[in-house]
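Me: I am new to this structure and would like a close look at a single part of it. Please take me through that part slowly, and then show how it connects to the rest.

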Amino acid sequence: MTSNETQTTLALIEAALSATVRLESRDGDKIGTVHAFLVHKVSGRTTHAVLSLGGFLGMGKSYYPLPFSLLQFDSVRDLYVVTIDRRMLEGGPSWANNAPHFDQAYADRVASYYGVGGEDLTLR
């Protein structure tokens, strides 16, 4: 593998969820679902969740990457709770049709927007 190939290899793999995992705000409002988790290939750690918001019959959905640390799992209700304000989430990095290249720069942009520490996405 050449140096350029090493640099362009993505450190994350998307683990899409086959079942719908509900997502609520900390106030109990229904927001959407968890569409997928982004998992670091080497460490096996979940770094981000990709949230699916809006849409009707599968059309018009938007996807929002969120640092995994901003989610809490409610085992009694079997759902995830977003620990930030819904308006902040809806104003964050997102896409509708084509997912961005989720490299270190994009991960840093997501972390910066939410004011959390960034993830090191190097493959080691």
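Reply: In the hairpin that strands β5 and β6 make, four residues lie between the two strands, and Asp78 takes a positive phi near 55°. This is a predicted model, and the values that follow are to be read with that in mind. Strand β5 covers residues 71-74, and its pairing with β6 is antiparallel, running over four bridges. One of the residues to look for here is Phe73, whose bridge partner in β6 is Tyr80.

Strand β6, residues 79-82, is covered on both faces: Leu79 and Val81 are buried on one side, while Tyr80 and Val82 are buried on the other.

The loop between the two strands also holds Arg77, which forms a salt bridge with Glu24, where the closest N and O atoms are 2.7 Å apart. This pair links distant parts of the chain, since Glu24 sits in strand β1 (residues 12-25) and Arg77 in the loop between β5 and β6, 53 residues apart. Glu24 has a relative accessible area of 6%, so this residue counts as buried, whereas Arg77, at 37% relative accessibility, is partly exposed. Arg77 also meets Asp74 in a salt bridge, at 2.8 Å from N to O. In the whole structure, a search finds four salt bridges.

The aromatic rings lead from the hairpin to other parts of the chain, for ring pairs link Phe73 and Tyr80 with Phe37 and Phe68 into a cluster. The count of aromatic pairs comes to seven. One of them joins Phe37 and Phe68 edge-to-face, with 5.7 Å from centre to centre and 80° between the planes. Here too distant parts of the chain are linked, as Phe37 belongs to strand β2 (residues 30-40) and Phe68 to the loop between β4 (62-67) and β5, 31 residues apart. Phe37 is buried because its relative accessible area of 14% falls under the 20% limit, while Phe68, at 26%, counts as partly exposed.

To place the hairpin in the whole, the protein chain has three helices and six strands, and from the N terminus on these elements run α-β-β-β-β-β-β-α-α. Of the 124 residues in the chain, 35% are buried. Among contacts between residues at least 6 apart in sequence, 47% join residues that are at least 24 apart.

How values were computed: Residues numbered from 1 in each chain as written. Predicted model: local features only at pLDDT ≥ 70, side-chain atom pairs only at ≥ 80, totals over all residues. Heavy atoms only, no water. Buried < 20%, exposed > 50% of the residue type's maximum accessible area, 1.4 Å probe, protein only. Contact = heavy atoms within 4.5 Å. Pairing = 2+ DSSP bridges. Phe/Tyr/Trp six-rings, centres within 6.5 Å; stacked < 30°, edge-to-face > 60°. Salt bridge = Lys/Arg side-chain N within 4 Å of Asp/Glu carboxyl O.
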